[in-house]
Structures are given as structure tokens and as C-alpha cells.
Amino acid sequence: MNRKLFCGINAALLVMAPMGEAAADPSIERLIASQCAQCHGTDGRSVGDIQKLAGEETYEKLMEMLFELRAENIMEHQAQGYTPEQLRNIANYYQNLPERARNGGGGQ
Ligand code: HEC
């Protein structure tokens, strides 16, 4: 019985640990999200046609892409390289970035 309890606690810790660590450190969010920059621009501010991510709410879209059974487009393949927790971190990171660079001057 003791052994069973021990295993149960261990399993719970295994599930909880990665989430706790990731959420506690903002630099981890940035690190995980950095891979998106090659297409969506530094700090999620794209310069070309690809949509910007800074200030956007993307979590639900990313989760849809993650669970797409037959990944077809580039983004579904991207999303499927992450766990739901990592996508949560990525979405948090971009959503909290200002749409424009702070020293971008003028505008709203
Ligand atoms: C290899 C290039 C590439 C990388 C890397 C990339 N994306 Fe994309 N992403 C695209 C392209 C191209 C589109 C437009 C796809 C379309 O419109 O069908 C897109 C679209 C999106 C969209 C909009 C989807 C929609 O349906 O509106 C989101 C959100 C997004 N990307 C988030 C991310 C995040 C977060 C990452 C990092 C995990 C990432 N992307 C990495 C190329 C990329």
C-alpha cells in the first residue's frame, strides 16, 4: 500500500513539475518562443506578409494546430513540435509583447 501511494505521488510530481518550472521563469517562455521568430519576426513583429504575433491571442489556434490529425500546412507542423504547456508559454509570451517596439516612436 505504501508503495502504491509513493508511485501515485511520483506520477503527480512528474506531471506538475515541467509546468511549474516553465511558468515561473519568463526567460523560458522567450526561449521556447524564439523559434517562431525566423518566420514571424523578432519579438513577433513580422516585416513581411506573415502575420505578426506580438499582442495577439494565439493559444486556441495553436492548440487546434497541435491536434490536427493530418498536419498539412507549415504551421500545423510547427505547432506539433510542442506540448500544450509549451504552446501556452509561447502564446503567453507573444500576447504580452507590445505590438510595436517601445522606441518605435509616434503612433498609439
Ligand atoms: C517556417 C516558418 C514559420 C515558423 C517557424 C512559424 N510559423 Fe507561424 N505561420 C507561418 C506561415 C507561413 C503562416 C501563415 C499560414 C497560413 O496563413 O496558412 C503562419 C501563421 C501563423 C498563425 C496564424 C494561424 C491562423 O490560422 O490564423 C499563428 C498564430 C502562428 N503562425 C504562430 C506561430 C508560432 C507561435 C510559431 C512558433 C511556435 C510559429 N508560428 C512558427 C510560418 C511559420
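This tour moves from the whole chain to two helix pairs and then to the surroundings of the ligand.

**The whole chain**

Begin with the full protein in cartoon representation, keeping in mind that this is a predicted model. The secondary structure comes to 6 helices and 0 strands, so that, reading from the N terminus, the elements run α-α-α-α-α-α. If you colour the 108 residues of the protein by burial, 16% of them count as buried. Among the contacts with a separation of 6 or more, 57% are accounted for by residues 24 or more positions apart.

**α4 against α6**

Next select α4 (59-66) together with helix α6, residues 84-95. These two helices pack at an angle of about 150°, and their axes are 9 Å apart. Because an angle over 145 degrees counts as roughly antiparallel, α4 and α6 are roughly antiparallel to each other. Viewed as a pair, α4 passes α6 in a right-handed crossing. To see the contact itself, show side chains for Tyr59, Leu62, Met63 and Leu66 on α4, and for Pro84, Leu87, Arg88, Ile90 and Ala91 on α6. By class, the residues of this contact divide into 8 nonpolar, no polar and 1 charged.

**α2 against α6**

Keep α6 on display, hide α4, and add helix α2, residues 26-33. Here the angle is about 100°, with the axes of α2 and α6 lying 8 Å apart, and the two helices are therefore roughly perpendicular to each other. On the α2 side, select Ile28, Glu29, Arg30, Ile32 and Ala33, which meet Gln86, Asn89, Ile90, Asn92, Tyr93 and Tyr94 in α6. The contact of α2 with α6 has 6 nonpolar, 3 polar and 2 charged residues. While α6 is still selected, centre on Ile90, which belongs to the contact with α4 and also to the contact with α2.

**Around the ligand**

Finally, centre the view on the ligand and display the 16 residues around it. Which of these residues come nearest to the ligand? They are Cys36, Cys39, Thr58, Met75 and Gln78. Colouring by element then shows that α3 (37-40), α4 (59-66) and α5 (74-79) are the elements that give two or more residues to this shell. If you recolour the shell by residue class, its members divide into 8 nonpolar, 7 polar and 1 charged. Bringing α6 back into view at this point returns you to the pair you selected earlier, since α4 contributes to the shell around the ligand and also packs with α6.

How values were computed: Residues are numbered from 1 along each chain as its sequence is written. This is a predicted model: local features need pLDDT of at least 70, side-chain atom pairs count only at pLDDT 80 or more; totals for chains, interfaces and linings use all residues. A residue is near a molecule or strand if its C-beta atom, placed from the backbone, lies within 6 Å of it. Helices (H or I, at least four residues) and strands (E, at least two) are DSSP runs, numbered from the N terminus. Ala, Val, Leu, Ile, Met, Phe, Trp, Tyr, Cys and Pro count as nonpolar, Asp, Glu, Lys and Arg as charged, and the others, Gly among them, as polar. Axes are lines fitted to C-alpha atoms, for helices over the stretch in contact, and angles run from 0 to 180 degrees between N-to-C directions. Angles under 35 degrees count as roughly parallel, over 145 as roughly antiparallel, 65 to 115 as roughly perpendicular and the rest as oblique. A crossing is left-handed if the near helix is turned anticlockwise from the far one by less than a right angle, and right-handed if clockwise. Two residues are in contact if their C-beta atoms, placed from the backbone, lie within 7 Å. A residue is buried if 20 or more other C-beta atoms lie within 10 Å of its own, exposed if 12 or fewer, and partly exposed in between; C-beta atoms are placed from the backbone.
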